[in-house]
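Trainee: I should like to learn how to read a structure of this kind, feature by feature. May we begin by displaying it?

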Amino acid sequence: MNLTLRIWRQKGPEDKGRMVTYKVDDVSPDMSFLEMLDVLNERLILQGEEPVAFDHDCREGICGMCGLMINGNAHGPQRGTTACQLHMRQFSDGDTIDIEPWRARAFPVIKDLVVNRNAFDKIIAAGGYITAPTGSAPEAHATPVAKADADAAFESAACIGCGACVAACPNGSGMLFTAAKVTQLSLLPQGQPERYTRVIGMVDAHDEAGFGGCTNAGECTAVCPKGIPLNTIGRLNRDYLAATAKRGGTPGS
Amino acid sequence: MAVTGILLVLFLIAHMLGNLKIFTGAEAFNHYAHWLRDLGTPLLAPGWYLWIQRTVLLVAVLAHIGAATVLALRARAARPVQYAHRKKVQGSYAARTMRWGGVIILLFVIYHILDLTTGTLNPVGDATRPHSNVVADFAPERWYVTLFYTLAVVSLGFHLRHGTFSALRSLGQQTPAGERRARTFALVFAVVLTAGYLVVPFAVLTGLVR
(Lines give C-alpha, C1' and ligand atoms only; values in the text may rest on other atoms or scores of the structure.)
Protein backbone atom coordinates (compact mmCIF):
# COMPACT_ATOMS: atom_id res chain seq x y z
CA MET A 1 0.00 0.00 0.00
CA ASN A 2 1.13 3.51 -0.76
CA LEU A 3 -0.18 6.19 1.57
CA THR A 4 -0.09 9.95 1.97
CA LEU A 5 0.10 11.05 5.61
CA ARG A 6 -0.67 14.54 6.86
CA ILE A 7 0.85 14.69 10.34
CA TRP A 8 0.78 17.43 12.96
CA ARG A 9 4.39 18.54 13.59
CA GLN A 10 5.16 20.78 16.56
CA LYS A 11 8.73 21.21 17.86
CA GLY A 12 7.67 21.93 21.44
CA PRO A 13 4.95 23.38 23.66
CA GLU A 14 5.69 26.94 22.48
CA ASP A 15 5.86 26.11 18.76
CA LYS A 16 2.81 27.01 16.69
CA GLY A 17 2.76 23.69 14.82
CA ARG A 18 1.50 22.72 11.35
CA MET A 19 0.30 19.78 9.28
CA VAL A 20 3.15 18.28 7.22
CA THR A 21 2.61 15.87 4.30
CA TYR A 22 4.66 12.66 4.00
CA LYS A 23 4.50 9.79 1.51
CA VAL A 24 4.91 6.25 2.84
CA ASP A 25 5.31 3.47 0.26
CA ASP A 26 5.14 -0.34 0.49
CA VAL A 27 3.05 -0.44 3.64
CA SER A 28 1.92 -3.98 4.48
CA PRO A 29 -1.78 -4.30 5.33
CA ASP A 30 -0.72 -6.52 8.25
CA MET A 31 1.26 -3.72 9.90
CA SER A 32 -0.21 -1.97 12.90
CA PHE A 33 -0.75 1.76 12.60
CA LEU A 34 2.20 2.45 14.90
CA GLU A 35 4.46 0.11 12.88
CA MET A 36 3.56 2.15 9.82
CA LEU A 37 4.68 5.27 11.72
CA ASP A 38 7.87 3.41 12.72
CA VAL A 39 8.59 2.82 9.02
CA LEU A 40 8.15 6.52 8.34
CA ASN A 41 10.39 7.44 11.29
CA GLU A 42 13.18 5.08 10.21
CA ARG A 43 13.17 6.76 6.82
CA LEU A 44 13.13 10.25 8.40
CA ILE A 45 16.10 9.32 10.63
CA LEU A 46 18.06 8.01 7.60
CA GLN A 47 17.31 11.28 5.81
CA GLY A 48 18.59 13.20 8.84
CA GLU A 49 15.18 14.62 9.66
CA GLU A 50 13.50 14.76 13.06
CA PRO A 51 11.29 11.63 13.53
CA VAL A 52 7.61 12.07 14.44
CA ALA A 53 7.15 11.86 18.21
CA PHE A 54 4.18 9.75 19.34
CA ASP A 55 3.25 8.03 22.60
CA HIS A 56 3.24 4.23 22.79
CA ASP A 57 4.21 1.52 25.23
CA CYS A 58 2.64 -1.94 25.40
CA ARG A 59 1.32 -2.01 21.81
CA GLU A 60 -1.27 -4.55 22.86
CA GLY A 61 -4.12 -2.21 23.73
CA ILE A 62 -3.96 -2.29 27.52
CA CYS A 63 -1.60 0.46 28.70
CA GLY A 64 -3.41 3.55 27.45
CA MET A 65 -0.28 5.31 26.23
CA CYS A 66 -1.02 5.55 22.53
CA GLY A 67 -3.62 7.94 21.30
CA LEU A 68 -3.91 9.54 17.89
CA MET A 69 -6.67 11.41 16.14
CA ILE A 70 -6.79 9.51 12.83
CA ASN A 71 -8.95 11.16 10.15
CA GLY A 72 -10.90 12.86 12.94
CA ASN A 73 -11.55 9.58 14.79
CA ALA A 74 -9.93 9.04 18.17
CA HIS A 75 -7.87 5.81 17.79
CA GLY A 76 -8.94 5.51 14.13
CA PRO A 77 -11.91 4.07 12.26
CA GLN A 78 -12.23 0.71 14.05
CA ARG A 79 -14.43 0.72 17.16
CA GLY A 80 -13.20 -0.69 20.45
CA THR A 81 -9.57 -0.56 19.32
CA THR A 82 -6.55 1.47 20.41
CA ALA A 83 -4.31 3.03 17.74
CA CYS A 84 -1.62 0.38 18.40
CA GLN A 85 -4.10 -2.44 17.69
CA LEU A 86 -5.40 -0.78 14.53
CA HIS A 87 -4.14 -2.50 11.39
CA MET A 88 -3.37 -0.94 8.04
CA ARG A 89 -5.92 -3.26 6.37
CA GLN A 90 -8.51 -0.78 7.67
CA PHE A 91 -7.20 1.62 5.02
CA SER A 92 -6.93 1.41 1.24
CA ASP A 93 -4.04 1.92 -1.15
CA GLY A 94 -3.70 5.60 -2.07
CA ASP A 95 -5.50 6.91 1.03
CA THR A 96 -4.62 10.23 2.60
CA ILE A 97 -4.60 9.91 6.40
CA ASP A 98 -4.71 12.91 8.75
CA ILE A 99 -2.96 12.30 12.08
CA GLU A 100 -3.37 14.81 14.90
CA PRO A 101 -2.75 14.84 18.66
CA TRP A 102 -5.61 14.92 21.21
CA ARG A 103 -6.91 18.48 21.32
CA ALA A 104 -7.81 19.81 24.76
CA ARG A 105 -6.66 22.69 26.94
CA ALA A 106 -6.08 20.17 29.74
CA PHE A 107 -3.86 18.08 27.38
CA PRO A 108 -1.19 20.50 26.13
CA VAL A 109 0.98 19.24 23.26
CA ILE A 110 4.52 18.39 24.37
CA LYS A 111 5.82 17.55 20.91
CA ASP A 112 4.23 16.48 17.60
CA LEU A 113 1.58 13.91 18.58
CA VAL A 114 2.52 13.62 22.26
CA VAL A 115 0.27 15.34 24.80
CA ASN A 116 0.62 15.81 28.54
CA ARG A 117 -2.15 13.89 30.32
CA ASN A 118 -1.16 14.88 33.87
CA ALA A 119 -4.66 16.31 34.28
CA PHE A 120 -5.94 12.72 34.55
CA ASP A 121 -3.46 12.02 37.35
CA LYS A 122 -4.76 15.08 39.21
CA ILE A 123 -8.32 13.73 38.94
CA ILE A 124 -7.17 10.35 40.32
CA ALA A 125 -5.23 12.06 43.12
CA ALA A 126 -8.44 13.85 44.16
CA GLY A 127 -10.15 10.61 45.19
CA GLY A 128 -9.59 7.76 42.75
CA TYR A 129 -8.37 5.35 45.43
CA ILE A 130 -9.50 3.65 48.63
CA THR A 131 -7.93 4.08 52.03
CA ALA A 132 -7.29 0.56 53.28
CA PRO A 133 -4.49 -1.25 55.10
CA THR A 134 -2.27 -2.94 52.52
CA GLY A 135 -0.47 -6.21 53.03
CA SER A 136 -1.17 -9.69 51.80
CA ALA A 137 -4.25 -10.10 49.58
CA PRO A 138 -7.42 -10.65 51.65
CA GLU A 139 -9.41 -13.86 51.26
CA ALA A 140 -11.53 -13.35 48.15
CA HIS A 141 -14.83 -14.42 49.73
CA ALA A 142 -14.45 -12.41 52.92
CA THR A 143 -16.45 -9.50 51.44
CA PRO A 144 -19.36 -10.67 49.28
CA VAL A 145 -20.12 -8.56 46.18
CA ALA A 146 -23.26 -8.98 44.08
CA LYS A 147 -22.37 -10.33 40.61
CA ALA A 148 -24.14 -7.49 38.80
CA ASP A 149 -22.21 -4.88 40.83
CA ALA A 150 -18.92 -6.70 40.29
CA ASP A 151 -19.58 -6.81 36.53
CA ALA A 152 -20.47 -3.11 36.34
CA ALA A 153 -17.42 -2.17 38.44
CA PHE A 154 -15.21 -4.30 36.20
CA GLU A 155 -16.65 -2.60 33.13
CA SER A 156 -15.56 0.77 34.58
CA ALA A 157 -12.22 -0.62 35.73
CA ALA A 158 -11.41 -1.50 32.11
CA CYS A 159 -10.67 2.23 31.50
CA ILE A 160 -7.02 2.58 30.48
CA GLY A 161 -6.99 6.39 30.78
CA CYS A 162 -5.96 6.98 27.16
CA GLY A 163 -7.92 10.22 26.85
CA ALA A 164 -9.88 9.35 23.70
CA CYS A 165 -13.11 10.40 25.44
CA VAL A 166 -11.75 13.93 25.93
CA ALA A 167 -10.36 14.05 22.39
CA ALA A 168 -13.71 13.08 20.85
CA CYS A 169 -15.96 15.15 23.12
CA PRO A 170 -17.45 18.23 21.41
CA ASN A 171 -17.14 19.96 24.81
CA GLY A 172 -13.61 18.73 25.57
CA SER A 173 -15.01 17.07 28.70
CA GLY A 174 -13.29 14.25 30.57
CA MET A 175 -16.47 13.04 32.25
CA LEU A 176 -16.40 9.47 30.90
CA PHE A 177 -12.90 8.97 32.36
CA THR A 178 -13.91 10.58 35.66
CA ALA A 179 -17.13 8.53 35.80
CA ALA A 180 -15.25 5.28 35.13
CA LYS A 181 -12.75 6.03 37.89
CA VAL A 182 -15.50 7.04 40.33
CA THR A 183 -17.85 4.12 39.68
CA GLN A 184 -15.25 1.33 39.67
CA LEU A 185 -14.93 2.10 43.39
CA SER A 186 -18.40 3.35 44.31
CA LEU A 187 -20.02 0.09 43.15
CA LEU A 188 -17.93 -2.05 45.51
CA PRO A 189 -18.09 -2.36 49.32
CA GLN A 190 -14.44 -1.31 49.64
CA GLY A 191 -15.25 2.04 48.03
CA GLN A 192 -18.14 3.00 50.32
CA PRO A 193 -16.40 4.94 53.14
CA GLU A 194 -15.12 7.60 50.73
CA ARG A 195 -17.91 7.32 48.20
CA TYR A 196 -19.34 10.83 48.47
CA THR A 197 -16.20 12.83 49.16
CA ARG A 198 -14.60 10.98 46.23
CA VAL A 199 -17.16 12.03 43.64
CA ILE A 200 -17.13 15.69 44.65
CA GLY A 201 -13.34 15.82 44.85
CA MET A 202 -12.85 14.17 41.47
CA VAL A 203 -15.46 16.27 39.65
CA ASP A 204 -13.93 19.43 41.16
CA ALA A 205 -10.45 18.33 40.04
CA HIS A 206 -11.89 17.59 36.57
CA ASP A 207 -13.38 21.10 36.27
CA GLU A 208 -10.26 22.74 37.70
CA ALA A 209 -8.04 21.01 35.12
CA GLY A 210 -9.83 22.92 32.36
CA PHE A 211 -12.01 20.19 30.89
CA GLY A 212 -15.40 21.19 29.51
CA GLY A 213 -18.79 20.22 30.92
CA CYS A 214 -20.63 17.03 29.89
CA THR A 215 -23.76 17.42 27.74
CA ASN A 216 -24.42 13.66 27.31
CA ALA A 217 -23.56 13.89 23.59
CA GLY A 218 -22.23 10.33 23.59
CA GLU A 219 -19.20 10.82 21.31
CA CYS A 220 -16.92 9.55 24.10
CA THR A 221 -18.42 6.10 24.38
CA ALA A 222 -18.38 5.69 20.57
CA VAL A 223 -14.58 6.03 20.47
CA CYS A 224 -13.69 4.44 23.83
CA PRO A 225 -11.34 1.52 23.04
CA LYS A 226 -12.67 -0.28 26.12
CA GLY A 227 -16.34 0.41 25.38
CA ILE A 228 -17.07 2.16 28.70
CA PRO A 229 -20.85 2.76 28.42
CA LEU A 230 -22.40 6.21 28.61
CA ASN A 231 -24.60 5.21 31.56
CA THR A 232 -21.41 5.24 33.67
CA ILE A 233 -21.84 9.03 33.67
CA GLY A 234 -25.39 8.52 35.00
CA ARG A 235 -23.94 6.58 37.96
CA LEU A 236 -21.53 9.45 38.60
CA ASN A 237 -24.39 11.97 38.40
CA ARG A 238 -26.43 10.02 40.93
CA ASP A 239 -23.46 9.80 43.32
CA TYR A 240 -22.83 13.51 42.83
CA LEU A 241 -26.46 14.45 43.58
CA ALA A 242 -26.45 12.24 46.68
CA ALA A 243 -23.08 13.64 47.76
CA THR A 244 -24.12 17.28 47.47
CA ALA A 245 -27.28 16.51 49.44
CA LYS A 246 -25.40 14.56 52.14
CA ARG A 247 -22.22 16.54 52.58
CA GLY A 248 -23.20 20.00 51.47
CA GLY A 249 -20.44 20.04 48.89
CA THR A 250 -17.43 19.35 51.16
CA PRO A 251 -14.63 18.77 48.67
CA GLY A 252 -11.88 16.20 48.76
CA SER A 253 -11.33 13.32 51.11
CA MET B 1 -30.20 22.66 32.56
CA ALA B 2 -32.36 19.65 33.47
CA VAL B 3 -34.59 21.33 36.06
CA THR B 4 -35.30 24.49 34.02
CA GLY B 5 -35.77 22.31 30.94
CA ILE B 6 -38.39 20.19 32.68
CA LEU B 7 -40.30 23.35 33.74
CA LEU B 8 -40.33 24.53 30.13
CA VAL B 9 -41.37 21.08 28.89
CA LEU B 10 -44.35 21.04 31.29
CA PHE B 11 -45.44 24.35 29.75
CA LEU B 12 -44.95 22.91 26.24
CA ILE B 13 -47.29 20.01 27.04
CA ALA B 14 -50.01 22.35 28.39
CA HIS B 15 -49.54 24.75 25.45
CA MET B 16 -49.86 21.94 22.91
CA LEU B 17 -53.05 20.60 24.53
CA GLY B 18 -54.46 24.14 24.47
CA ASN B 19 -53.56 24.55 20.79
CA LEU B 20 -55.36 21.33 19.90
CA LYS B 21 -58.62 22.86 21.19
CA ILE B 22 -58.71 24.67 17.85
CA PHE B 23 -60.21 21.49 16.36
CA THR B 24 -63.26 21.89 18.64
CA GLY B 25 -64.26 25.09 16.82
CA ALA B 26 -63.74 28.84 17.06
CA GLU B 27 -66.09 29.36 19.99
CA ALA B 28 -64.54 26.66 22.18
CA PHE B 29 -61.01 27.82 21.33
CA ASN B 30 -61.78 31.46 22.15
CA HIS B 31 -63.53 30.37 25.32
CA TYR B 32 -60.41 28.41 26.34
CA ALA B 33 -58.22 31.46 25.68
CA HIS B 34 -60.45 33.70 27.79
CA TRP B 35 -60.57 31.07 30.54
CA LEU B 36 -56.75 31.25 30.76
CA ARG B 37 -57.09 34.91 31.74
CA ASP B 38 -59.59 34.09 34.47
CA LEU B 39 -57.69 31.06 35.77
CA GLY B 40 -57.24 31.18 39.53
CA THR B 41 -60.09 33.66 40.15
CA PRO B 42 -61.52 34.55 42.57
CA LEU B 43 -58.33 33.82 44.57
CA LEU B 44 -56.36 35.85 42.03
CA ALA B 45 -57.48 38.91 40.13
CA PRO B 46 -58.17 38.25 36.39
CA GLY B 47 -54.92 37.90 34.43
CA TRP B 48 -52.75 37.40 37.50
CA TYR B 49 -52.32 33.69 36.92
CA LEU B 50 -50.96 34.37 33.43
CA TRP B 51 -48.46 36.87 34.77
CA ILE B 52 -47.30 34.43 37.49
CA GLN B 53 -46.82 31.76 34.81
CA ARG B 54 -45.01 34.21 32.52
CA THR B 55 -42.66 35.19 35.35
CA VAL B 56 -41.84 31.55 36.17
CA LEU B 57 -41.27 30.75 32.48
CA LEU B 58 -39.10 33.82 31.96
CA VAL B 59 -36.91 32.89 34.95
CA ALA B 60 -36.69 29.30 33.66
CA VAL B 61 -35.77 30.44 30.14
CA LEU B 62 -33.11 32.84 31.42
CA ALA B 63 -31.62 30.21 33.75
CA HIS B 64 -31.71 27.65 30.90
CA ILE B 65 -29.90 30.04 28.53
CA GLY B 66 -27.49 31.03 31.31
CA ALA B 67 -26.52 27.41 32.02
CA ALA B 68 -26.21 26.69 28.29
CA THR B 69 -23.95 29.74 27.86
CA VAL B 70 -21.69 28.59 30.70
CA LEU B 71 -21.43 25.13 29.10
CA ALA B 72 -20.73 26.59 25.64
CA LEU B 73 -18.04 28.94 26.98
CA ARG B 74 -16.41 26.10 28.95
CA ALA B 75 -16.50 23.90 25.84
CA ARG B 76 -14.85 26.63 23.76
CA ALA B 77 -12.16 27.20 26.40
CA ALA B 78 -11.54 23.46 26.76
CA ARG B 79 -10.43 23.12 23.12
CA PRO B 80 -8.37 26.18 22.13
CA VAL B 81 -6.91 24.48 19.01
CA GLN B 82 -9.45 22.88 16.68
CA TYR B 83 -8.89 19.66 14.73
CA ALA B 84 -7.77 20.12 11.12
CA HIS B 85 -9.82 17.05 10.16
CA ARG B 86 -13.37 17.55 11.43
CA LYS B 87 -14.99 14.23 12.10
CA LYS B 88 -18.51 13.20 11.35
CA VAL B 89 -20.99 12.94 14.22
CA GLN B 90 -20.77 9.52 15.86
CA GLY B 91 -23.08 10.10 18.80
CA SER B 92 -26.52 11.56 18.28
CA TYR B 93 -27.17 14.27 15.70
CA ALA B 94 -29.72 15.88 18.01
CA ALA B 95 -27.06 16.22 20.72
CA ARG B 96 -24.78 18.17 18.38
CA THR B 97 -27.44 20.68 17.35
CA MET B 98 -28.55 21.70 20.87
CA ARG B 99 -26.87 25.11 20.85
CA TRP B 100 -27.85 26.40 17.40
CA GLY B 101 -31.21 24.68 17.72
CA GLY B 102 -31.70 26.56 20.98
CA VAL B 103 -30.90 29.88 19.27
CA ILE B 104 -33.47 29.16 16.53
CA ILE B 105 -36.07 28.32 19.18
CA LEU B 106 -35.29 31.55 21.09
CA LEU B 107 -35.71 33.68 17.95
CA PHE B 108 -38.94 31.86 17.21
CA VAL B 109 -40.30 32.40 20.73
CA ILE B 110 -39.66 36.16 20.41
CA TYR B 111 -41.45 36.23 17.05
CA HIS B 112 -44.23 34.00 18.37
CA ILE B 113 -44.95 36.33 21.32
CA LEU B 114 -45.01 39.38 19.02
CA ASP B 115 -47.30 37.46 16.67
CA LEU B 116 -49.89 35.70 18.81
CA THR B 117 -49.56 37.24 22.28
CA THR B 118 -49.17 40.96 21.63
CA GLY B 119 -50.55 40.67 18.09
CA THR B 120 -48.01 43.21 16.77
CA LEU B 121 -46.97 41.08 13.78
CA ASN B 122 -50.34 39.41 13.25
CA PRO B 123 -52.57 40.47 10.31
CA VAL B 124 -55.63 40.47 12.61
CA GLY B 125 -54.00 40.99 15.99
CA ASP B 126 -57.24 41.07 17.96
CA ALA B 127 -56.67 39.75 21.51
CA THR B 128 -60.37 39.03 21.94
CA ARG B 129 -60.49 36.70 18.90
CA PRO B 130 -57.45 34.34 19.12
CA HIS B 131 -59.04 31.89 16.69
CA SER B 132 -59.13 34.52 13.92
CA ASN B 133 -55.51 35.45 14.70
CA VAL B 134 -54.38 31.85 14.22
CA VAL B 135 -56.40 31.35 11.02
CA ALA B 136 -55.06 34.61 9.55
CA ASP B 137 -51.52 33.66 10.60
CA PHE B 138 -51.26 30.40 8.69
CA ALA B 139 -53.27 31.42 5.61
CA PRO B 140 -51.84 29.89 2.38
CA GLU B 141 -50.57 33.26 1.06
CA ARG B 142 -48.52 33.67 4.26
CA TRP B 143 -46.69 30.39 3.54
CA TYR B 144 -43.39 31.80 4.83
CA VAL B 145 -44.88 32.10 8.34
CA THR B 146 -45.87 28.43 8.26
CA LEU B 147 -42.41 27.56 6.93
CA PHE B 148 -40.66 29.39 9.76
CA TYR B 149 -43.06 27.89 12.29
CA THR B 150 -42.35 24.39 10.91
CA LEU B 151 -38.58 24.96 11.01
CA ALA B 152 -38.77 26.15 14.60
CA VAL B 153 -40.99 23.27 15.74
CA VAL B 154 -38.73 20.69 14.06
CA SER B 155 -35.74 22.32 15.82
CA LEU B 156 -37.72 22.03 19.02
CA GLY B 157 -38.29 18.33 18.29
CA PHE B 158 -34.55 17.73 17.94
CA HIS B 159 -33.92 19.81 21.05
CA LEU B 160 -36.42 17.72 23.01
CA ARG B 161 -35.09 14.42 21.69
CA HIS B 162 -31.68 15.01 23.21
CA GLY B 163 -32.86 17.32 26.00
CA THR B 164 -35.33 14.85 27.49
CA PHE B 165 -32.77 12.04 27.53
CA SER B 166 -30.02 14.31 28.81
CA ALA B 167 -32.20 15.70 31.61
CA LEU B 168 -33.04 12.18 32.80
CA ARG B 169 -29.33 11.30 32.70
CA SER B 170 -28.35 14.45 34.61
CA LEU B 171 -30.89 13.62 37.30
CA GLY B 172 -29.34 10.20 37.82
CA GLN B 173 -30.63 7.71 35.23
CA GLN B 174 -27.89 5.10 35.48
CA THR B 175 -28.69 1.62 34.13
CA PRO B 176 -28.21 0.42 30.52
CA ALA B 177 -31.82 -0.84 30.35
CA GLY B 178 -33.02 2.48 31.75
CA GLU B 179 -30.96 4.29 29.11
CA ARG B 180 -32.77 2.40 26.33
CA ARG B 181 -36.12 3.26 27.91
CA ALA B 182 -35.11 6.90 28.40
CA ARG B 183 -33.97 7.22 24.77
CA THR B 184 -37.16 5.62 23.47
CA PHE B 185 -39.28 7.85 25.69
CA ALA B 186 -37.37 10.95 24.56
CA LEU B 187 -37.86 10.04 20.88
CA VAL B 188 -41.59 9.29 21.24
CA PHE B 189 -42.14 12.41 23.33
CA ALA B 190 -40.29 14.61 20.81
CA VAL B 191 -42.25 13.18 17.88
CA VAL B 192 -45.61 13.55 19.67
CA LEU B 193 -44.92 17.17 20.61
CA THR B 194 -43.63 18.03 17.13
CA ALA B 195 -46.70 16.48 15.52
CA GLY B 196 -49.02 18.12 18.06
CA TYR B 197 -47.62 21.55 17.30
CA LEU B 198 -47.43 21.12 13.51
CA VAL B 199 -50.96 19.81 13.05
CA VAL B 200 -52.49 23.25 13.79
CA PRO B 201 -50.77 25.36 11.07
CA PHE B 202 -51.16 22.58 8.52
CA ALA B 203 -54.84 22.23 9.36
CA VAL B 204 -55.23 25.97 8.68
CA LEU B 205 -53.08 25.76 5.54
CA THR B 206 -55.17 22.95 4.08
CA GLY B 207 -58.45 24.61 5.02
CA LEU B 208 -59.39 22.03 7.66
CA VAL B 209 -59.64 24.82 10.22
CA ARG B 210 -61.10 28.09 8.94
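Trainee: How many helices and how many strands does chain B have?

Mentor: Please keep in mind that this is a predicted model. Chain B has eight helices and zero strands. Followed along the sequence, its pattern reads α-α-α-α-α-α-α-α.

Trainee: What confidence does the predictor attach to chain B, and what scores does it give the complex?

Mentor: The mean pLDDT of chain B is 94, with 100% of its residues at 70 or more. For the complex, the predictor gives an ipTM of 0.90 and a pTM of 0.93.

Trainee: How should the overall form of chain B be described, and what share of its residues is buried?

Mentor: Taken along the principal axes, the C-alpha atoms of chain B fill a box of roughly 55 × 45 × 35 Å. Of its 210 residues, 25% count as buried. Among the contacts in chain B between residues at least 6 apart in sequence, 65% join residues at least 24 apart.

Trainee: Which peptide bond in chain B is cis, and where is its proline found?

Mentor: The cis peptide bond joins Thr41(B) and Pro42(B), with omega at about 5°. Pro42(B) belongs to the loop between α2 (26-38) and α3 (48-78) of chain B.

Trainee: Let us turn to chain A. What is the order of the strands in its open sheet?

Mentor: Strands of a sheet pair through backbone hydrogen bonds, in either a parallel or an antiparallel manner. Here the open sheet has five strands in the order β2-β1-β5-β3-β4 of chain A, and the pairing is mixed. The edge strands, β2 and β4 of chain A, each pair on one side only. Strand β1 (residues 3-9) of chain A runs antiparallel to β2(A), and seven bridges join the two. Within this pairing, Leu3(A) stands opposite Val24(A) in β2(A).

Trainee: Which value does phi take in Asp26(A), and is that residue buried or exposed?

Mentor: Phi of Asp26(A) is near 55°, a positive value in a residue other than glycine. Asp26(A) sits in the loop between β2 (18-24) and α1 (33-46) of chain A. It counts as exposed because 8 other C-beta atoms lie within 10 Å, and the limit for that class is 12 or fewer.

Trainee: How does Asn71(A) read by the same approach?

Mentor: Asn71(A) has phi near 50°, again a positive value in a residue other than glycine. Its place is the loop between β3 (69-70) and β4 (73-74) of chain A. With 17 C-beta neighbours inside 10 Å, Asn71(A) is therefore partly exposed.

Trainee: Into which domains is chain A divided, and how many residues does each bring to their contact?

Mentor: The division is into domain 1 (3-110) and domain 2 (118-247). Their C-alpha centres lie 29 Å apart. The contact takes 18 residues from domain 1 of chain A and 17 residues from domain 2 of chain A. On the domain 1 side, the residues comprise eight nonpolar, eight polar and two charged.

Trainee: Finally, how many residues from each chain enter the contact between chains A and B?

Mentor: The size of an interface is often expressed as the accessible area lost when the parts come together. In terms of residues, this contact takes 34 from chain A and 30 from chain B. On the chain A side, β5 (96-100), α7 (219-223) and α8 (231-247) each supply at least two residues. The most comes from α8(A), with seven residues. By class, the side of chain A that touches chain B has twelve nonpolar, 15 polar and seven charged residues.

Definitions and conventions. Residues are numbered from 1 along each chain as its sequence is written. Chains are lettered from A and ligands numbered from 1 in the order in which they are written. This is a predicted model: local features need pLDDT of at least 70, side-chain atom pairs count only at pLDDT 80 or more; totals for chains, interfaces and linings use all residues. Helices (H or I, at least four residues) and strands (E, at least two) are DSSP runs, numbered from the N terminus. A residue is buried if 20 or more other C-beta atoms lie within 10 Å of its own, exposed if 12 or fewer, and partly exposed in between; C-beta atoms are placed from the backbone. Domain bounds come from an automatic or database domain assignment. Two residues are in contact if their C-beta atoms, placed from the backbone, lie within 7 Å. Ala, Val, Leu, Ile, Met, Phe, Trp, Tyr, Cys and Pro count as nonpolar, Asp, Glu, Lys and Arg as charged, and the others, Gly among them, as polar. pLDDT is the predictor's confidence in each residue, from 0 to 100. Two strands pair if DSSP finds at least two bridges between them.
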